[in-house]
Amino acid sequence: MSNAASTPLAHEGPAFAEPWEAQAFAMAVELNRAGVFTWTEWADALAVAIASAQAEGDPDDGATYYRHWLAALESIVVAKGAASGESLSRHVNAWRNAASRTPHGAAIALAASDFAEPGATMSAGR
């Protein structure tokens, strides 16, 4: 990637199959711009994520590329101290909680209760 990373283009259509893929791409670009990691460090993290997935049987057909991108992003932000693994897990669980109550097609909105530990109860009014 160059210093001025741009949105990837695909010859057959949109470069991203899902909105989250574009968001993961944008997060990597912004974290690089913020100095969290260099593009060399990013390339190394992505290569490790892809190799790990392939070792676990990933079909390597391009359909899972942005899953590797996300795995690399999670790995590098933890390695660089930009977020903790525990914080990432809490946010993943919060999104799952919010998604489980959101009707199909509606925007997912996080609430404070989504961050509660499994089995924990929130006090009234929260």
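# A walk around the salt bridges, helix H4 and the core

Start by selecting Arg90 and Glu86, whose side chains form a salt bridge with the closest N and O atoms 3.1 Å apart. Keep in mind as you go that this is a predicted model. Both residues sit in helix H4, four residues apart, which puts about one helical turn between them. That spacing suits a pairing along a helix, because residues three or four places apart in an α-helix point the same way. Colour the two by accessibility and you'll find Arg90 partly exposed at 30%, and Glu86 partly exposed as well, at 48%.

Now show the whole of H4, residues 85-101. The helix has 17 residues and spans 25 Å from its first C-alpha to its last, close to the 24 Å expected at 1.5 Å a residue. Which residues of H4 are buried? Pick out Ser87, Ala94 and Ala98. Look down the axis of H4 and the buried residues fall within an arc of 30 degrees, so they line one face of the helix. Spin round to the face turned away from that buried side, and you meet the exposed residues Arg96 and Ser100.

Next, go to Arg101, also in H4, and add Asp114 from the segment after the helix. Their side chains meet in a salt bridge, 2.5 Å from N to O. Since Arg101 belongs to H4 and Asp114 to the segment following it, the pair ties together parts that are 13 residues apart in sequence. Is each partner buried or exposed? Arg101 is partly exposed, with a relative accessible area of 43%, whereas Asp114 is buried, at 3%.

While you are in this region, select Trp95, Ile108 and Leu110 and turn on the surface. These three form a nonpolar patch there, with about 260 Å² of accessible area together. Ile108 comes from the segment after H4, and its relative accessible area of 37% makes it partly exposed.

Time to move to helix H1, residues 19-33. Select Glu30 and Arg33: they form a salt bridge with the closest N and O atoms 2.8 Å apart. Here the partners are three residues apart in the helix, again about one helical turn. Glu30 counts as partly exposed at 44% relative accessibility, while Arg33 is exposed at 52%. The model has four salt bridges by this count, and you have now visited some of them, including Glu30 with Arg33.

From the surface, head inside. Select Phe37, Trp42 and Trp69: of the 17 residues in the largest nonpolar core, these touch the most other members. H1, helix H2 (39-55) and helix H3 (65-79) each supply at least two residues of this core. Which helix gives the most? That would be H3, with six residues. As background, nonpolar side chains tend to be buried together in soluble globular proteins.

For the last stop, zoom in on Asp60, in the loop between H2 and H3. Check its backbone: phi is positive, about 50 degrees, although Asp60 is not a glycine. Asp60 is exposed too, with a relative accessible area of 53%.

Note on methods:
Residues are numbered from 1 along each chain as its sequence is written. This is a predicted model: local features need pLDDT of at least 70, side-chain atom pairs count only at pLDDT 80 or more; totals for chains, interfaces and linings use all residues. Side-chain values use heavy atoms; hydrogens and water are left out. Patches are made of residues with over 30% relative accessible area and no salt bridge: like charges are joined within 9 Å, nonpolar side chains (Val, Leu, Ile, Met, Phe, Trp, Tyr) within 5 Å. Accessible areas come from the Shrake-Rupley method with a 1.4 Å probe; for residues, only the protein chains shown count as cover. Buried means under 20% relative accessible area, exposed over 50%, partly exposed in between (1.4 Å probe, protein chains only). The expected span of a helix is 1.5 Å times one less than its number of residues. The arc is that of the directions from the helix axis to the C-beta atoms. A nonpolar core is a set of buried Ala, Val, Leu, Ile, Met, Phe, Trp, Tyr and Cys residues joined through side-chain atoms within 4.5 Å.
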